[in-house]
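Here is a walk through the pockets, the domains and a few backbone details of one protein chain. Take a look at the model first, and then read on.

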Amino acid sequence: MIKKTISDVGSDGLQGRTVIVRADLNVPLDNGSISDDQRIRASLPTLQTLTDAGARVILLSHLGRPKGQVDPAYSLAPVAVRLNELLDPPVHFVPHTHGTAAAGALEDIGNGEIAILENTRFEAGETANAPELSRSWAALGDMFVNDAFGTAHRAHASTAGLADAIRAKGGEAVAGLLMATELEFLEEALRVPERPFVAIIGGAKISSKIGVISALLPRVDRLLIGGAMANTFFRALGLDTGDSLVEEDSIGVARDLLATGGDRLVLPVDCAVAKEMVEDAQRRAVDRTGVQPGEKILDVGPRTRVLFVDVVRGAKTIVWNGPMGVFEIDSFAEGTMDIAHAVADACDAGAMVILGGGDSAAAAERADVVDRLTHVSTGGGASLELLAGAELPGVNALTDRSG
Ligand code: ADP
Ligand code: MG
């Protein structure tokens, strides 16, 4: 780990300090109540560690896309309530984003306590990475902890900007425990992968994952392609895909990847097709050469499932990002469920399995295999960027371990 973490700082270095923490508490809300608190739970270890050490914690996060203005629908108040239920130390909600009102409310916060400020994206300067906004947050404390892996691929005022601002005033900006774990698995564990190294890439769009595919292709032993993005590769092979989802603009890129990938790039050999993307659709299995006009490819076919599972079972390092089909509909979930079980079996047998992507994580949950996997990343865009070999602004801005 190149960047300093709160473990490096240690509890003596945290005691009595005012620590500004940027977490990713961007949970889905349904009529004002939290429908999935996974992101809140993922932030708890850092918050608990800091308060146990006797730090005063000022917590920042964004929630949704309130477009730079105050919008009560995106208040962090429900998140504060949930945090209070999950943590022992008291969590105070401060209904201001920054400034003198926030600073005043923070005067009552003691060591070992947490104050959560209002949604950072109520400020237009947040996504614009406005330095004056970063400085106003930096003024509130003496150390910065970035634990918001999910937003680390963006340079925002409360992430990269705040790290710069705290360091400019002589403070340290360090990684939280969640951030450190994500970096450890997505960056370091994959640096020298045990072989065979297999990547499984699926999902809706090839365009959003070209970076990952191109970065992984030269490093893996096999890269299995599934999901709608396989259709674009089929078109690059000159096959008919009927009414399937295809990114016409990416057919050329798919052709290039096929040329450079050679045997390492493995496409489905057959598909499950239907005329409609609905639960009780008439479904048939067909070779990839036999898709008829009006049909949609909605899952990989039975022969492909056997082929893919076989490759996965023999792997020692596995990266999985993107479902094999429209797994939200039972009739088209088989390919994705087979992969979920196969990666969990491989993991049980000693392989390292790293899963990224919100929909893939949902699929793994549906297959009930999450607990069997080595690491399930909490950050969609950020994990894709890391796997593609890109540097993350929110990480770059942190203090180096050596200096
Ligand atoms: P992740 O969130 O894991 O990165 P993506 O967001 O890239 O995954 O893609 C997930 C979506 O892709 C799912 O909603 C799934 O229904 C859709 N999908 C997968 N295969 C197909 C297909 N053959 N046709 C249409 N949509 C598909
Ligand atoms: Mg997704």
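## Pockets, domains and backbone

The second largest pocket has a volume of about 470 Å³. Among its 34 lining residues, G203, A204, A228, P323 and G325 are the closest to the centre. A pocket here is an open set of points on a 1 Å grid over the protein atoms alone, with protein on both sides within 12 Å along at least five of seven lines, and lining residues have an atom within 4 Å of a point. Grid points are joined across faces, edges and corners, and a volume is the space filled by probe spheres set on the points.

Before going further, please note that this is a predicted model, in which local features need pLDDT of at least 70 and side-chain atom pairs count only at pLDDT 80 or more, while totals for chains, interfaces and linings use all residues. Residues are numbered from 1 along each chain as its sequence is written, chains are lettered from A and ligands numbered from 1 in the order in which they are written, and side-chain values use heavy atoms, with hydrogens and water left out.

Back to the second largest pocket: strand β14 (296-300) gives the largest share of its lining, 5 residues. At least two residues each come from α10 (229-236), β12 (270-274), β14, α14 and α15. These labels follow DSSP runs numbered from the N terminus, with helices (H or I) of at least four residues and strands (E) of at least two.

The largest pocket holds about 970 Å³ of space. It is lined by 38 residues, and R39, G358, T378, G379 and G380 are the closest to its centre. Helix α14 (358-366) supplies the largest share of this lining, 4 residues. Both domain 1 and domain 2 contribute at least three residues to the lining of the largest pocket.

There is also 1 cavity of 30 Å³ or more, a cavity being a set of points where a 1.4 Å probe fits but cannot get out. The space in the largest cavity is about 50 Å³. Its lining includes D24, R39, D147, F149 and T378, and helix α2 (residues 38-52) gives the most, with 3 residues.

The table sets out the three linings by class. Ala, Val, Leu, Ile, Met, Phe, Trp, Tyr, Cys and Pro count as nonpolar, Asp, Glu, Lys and Arg as charged, and the others, Gly among them, as polar.

| Lining | Nonpolar | Polar | Charged |
|---|---|---|---|
| Largest pocket | 9 residues | 19 residues | 10 residues |
| Second largest pocket | 16 residues | 11 residues | 7 residues |
| Largest cavity | 4 residues | 3 residues | 3 residues |

How is the chain divided? The domain assignment gives domain 1 (6-178) and domain 2 (189-387), with bounds that come from an automatic or database domain assignment. Their contact takes 7 residues from domain 1 and 8 residues from domain 2, where contact means heavy atoms within 4.5 Å. The C-alpha centres of the two domains lie 36 Å apart. Between them, domain 1 and domain 2 bury about 570 Å², with 70% of it on carbon and sulfur atoms; buried area is the accessible area (1.4 Å probe) that two parts lose on being put together, summed over both.

Salt bridges (a side-chain nitrogen of Lys or Arg within 4 Å of a carboxyl oxygen of Asp or Glu) come next. The whole structure has 20 salt bridges, while the count between domain 1 and domain 2 is 0. One of the salt bridges joins the side chains of E126 and R22 (3.4 Å, N to O). Because E126 lies in helix α5 and R22 in strand β1 (residues 18-22), this pair ties together parts that are 104 residues apart in sequence.

Two backbone details round off the picture. Most residues other than glycine have a negative phi, and most peptide bonds are trans. N31, which is not a glycine, has a positive phi of about 55°, and N31 sits in the loop between β2 (29-30) and β3 (33-34). R195 and P196 are joined by a cis peptide bond, with omega about 0°. P196 belongs to the loop between α8 (177-188) and β9 (197-201).
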